[in-house]
Amino acid sequence: MFLVKPTEKENKMPYRPVFIMRDGERANNSLVFETPEEAESSALDRYRVWTMPDTYTTEPCDGPVTHIRVDGRDVRKKT
C-alpha cells in the first residue's frame with residue numbers, strides 16, 4: 001500500500017516515517033530511508049505496535065539516508 005504517490009522531484013529525496021495522532025499532531029523518529037516505499041514499510045511495522053497513532057504516512061525530508069529495509073526490518077545503512 002502506498003498512501004501518497006511522490007512527484008518525480010520528491011522521488012529523489014530521502015523519506016521518513018510519520019505518525020499522525022488523533023489530535024492531528026505529527027511525530028517521527030530518526031529513521032530516514034532512500035525510498036518512500038522503505039519509509040512506508042517501516043511506518044507500517046511501527047504503527048502496528050504503537051498505540052497512540054491514528055494513522056501513518058511518509059514525507060520527504062532533508063536529512064541523509066540512515067536506514068534501509070532488509071527482509072522486512074530496518075537496518076542502519078553503512079556509510
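Helices are DSSP runs of H or I of at least four residues, numbered from the N terminus. Helix H1 of this predicted model holds both aspartate 45 and arginine 48. The two residues are 3 apart in sequence, about one turn of the helix. Their side chains meet in a salt bridge, at 3.8 Å from N to O. Aspartate 45 is partly exposed, with a relative accessible area of 26%. Arginine 48, at 59%, is exposed.

Aspartate 45 has a further partner. Its side chain also meets that of arginine 69 in a salt bridge, here at 2.5 Å from N to O. Arginine 69 belongs to strand E4, whereas aspartate 45 belongs to helix H1, so this pair ties together parts that lie 24 residues apart in sequence. Arginine 69 is buried, because its relative accessible area of 16% falls under the 20% limit. A salt bridge also links arginine 69 to aspartate 74, with 2.5 Å between the closest N and O atoms. Aspartate 74 is buried, as is arginine 69. Through shared partners, salt bridges join Asp45, Arg46, Arg48, Arg69 and Asp74 into one network. The count of salt bridges comes to 7.

Strand E4 spans residues 67-70 and also contains isoleucine 68. Isoleucine 68 is partly exposed, at 28% relative accessible area. Neighbours within four places in sequence aside, isoleucine 68 is in contact with Phe33, Glu38, Arg73, Asp74, Val75 and Lys77. Among these contacts is Asp74, a member of the salt-bridge network. Another of them is Glu38. Threonine 35 lies 33 residues from isoleucine 68 in sequence. In space, the C-alpha atoms of threonine 35 and isoleucine 68 are 8.7 Å apart.

The sheet comes next. Strands of a sheet pair through backbone hydrogen bonds, in a parallel or an antiparallel manner. Here, 3 strands form an open sheet in the order E2-E1-E3, and the pairing is antiparallel. Strand E2 (26-28) and strand E3 (53-60) stand at the edges. Each has a single partner strand, so one side of each is left without a neighbour in the sheet. From one strand to the next, the twist averages 35 degrees. Strand E1 covers residues 15-21 and runs antiparallel to E2, with 3 bridges joining the two. Valine 18 has asparagine 28, in E2, as its bridge partner. Helix H1 (residues 36-49) packs on this sheet and touches E1 and E3. The direction of helix H1 makes about 160 degrees with that of E3.

Aromatic pairing was examined across the whole structure, and the search finds 1 pair. Tyrosine 47 and tyrosine 56 form this pair, with 5.2 Å between the ring centres. The ring planes are 50 degrees apart, and the pair is tilted. This class applies because the angle is neither under 30 degrees, as for stacked rings, nor over 60, as for edge-to-face rings. Tyrosine 47 counts as partly exposed, with 27% relative accessibility. Tyrosine 56 is buried, with a relative accessible area of 6%.

Methods: Residues numbered from 1 in each chain as written. Predicted model: local features only at pLDDT ≥ 70, side-chain atom pairs only at ≥ 80, totals over all residues. Heavy atoms only, no water. Pairing = 2+ DSSP bridges. Axes fitted to C-alpha atoms, helices over the stretch in contact; angles between N-to-C directions. Contact = heavy atoms within 4.5 Å. Phe/Tyr/Trp six-rings, centres within 6.5 Å; stacked < 30°, edge-to-face > 60°. Buried < 20%, exposed > 50% of the residue type's maximum accessible area, 1.4 Å probe, protein only. Salt bridge = Lys/Arg side-chain N within 4 Å of Asp/Glu carboxyl O.
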